[in-house]
Amino acid sequence: MTRRGSKAEARRADLFRSSRIAKLLSRGWIKEASEIPADAIPVDPDLVSFGSERSYSHPAYFRDYTFLCSDCGVPGVWTAEDQRWYYETTKAASYQVAVRCRECRLKERERIREARRRAGHDPDGK
Ligand SMILES: [Zn+2]
């Protein structure tokens, strides 16, 4: 147990959160800091590719999201952290959301790979 480490981590998380909230406020994406729920991750408007203007088509924060897998119907959770990675690191468009559970996502990836291979493409080719 590293109590000191977790304290420093909490401070870093606070700073991360408050600087993002300040940015959202200055961009007019939110009017009050209280619009961001305590269990949500505020969006960094500079990192997402939602466009510069806040609209109802995209959120000002990421929050754990429960969905039913489109393939097997099993409920899955798309975590706020995974969404942050998806939208801020891969620059996905805001209408792209998780529809498959992890297991079906891997199966789907394998199915596409296999289809490409059968079509005569090198699956690892770029
Ligand atoms: Zn599934």
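Arg 20 counts as buried because its relative accessibility is 4%, where buried means under 20% relative accessible area, exposed over 50% and partly exposed in between, calculated with a 1.4 Å probe on protein chains only. This is a predicted model, in which local features need pLDDT of at least 70, side-chain atom pairs count only at pLDDT 80 or more, and totals for chains, interfaces and linings use all residues. Residues are numbered from 1 along each chain as its sequence is written, and side-chain values use heavy atoms, with hydrogens and water left out.

Arg 20 belongs to helix H1, helices (H or I) being DSSP runs of at least four residues and strands (E) of at least two, numbered from the N terminus. Leaving aside residues up to four places away in sequence, Arg 20 is in contact with residues including Ile 41, Pro 42, Arg 84 and Glu 88, contact meaning heavy atoms within 4.5 Å. The C-alpha atoms of Arg 20 and Pro 42 are 6.0 Å apart, although 22 residues separate the two along the chain.

Confidence is expressed as pLDDT, the predictor's confidence in each residue from 0 to 100, and its extremes in the protein chain are as follows.

| Element | Mean pLDDT |
|---|---|
| helix H1 (residues 3–27), lowest | 89 |
| strand E1 (residues 41–42), highest | 96 |

The zinc ion has as protein donors the SG atoms of Cys 69, Cys 72, Cys 101 and Cys 104, at 2.3 Å, donors being N, O and S atoms within 2.8 Å of the metal (3.2 Å for Na, K and Ca), with water not among the atoms, so sites may look incomplete. Both Cys 69 and Cys 104 are buried.
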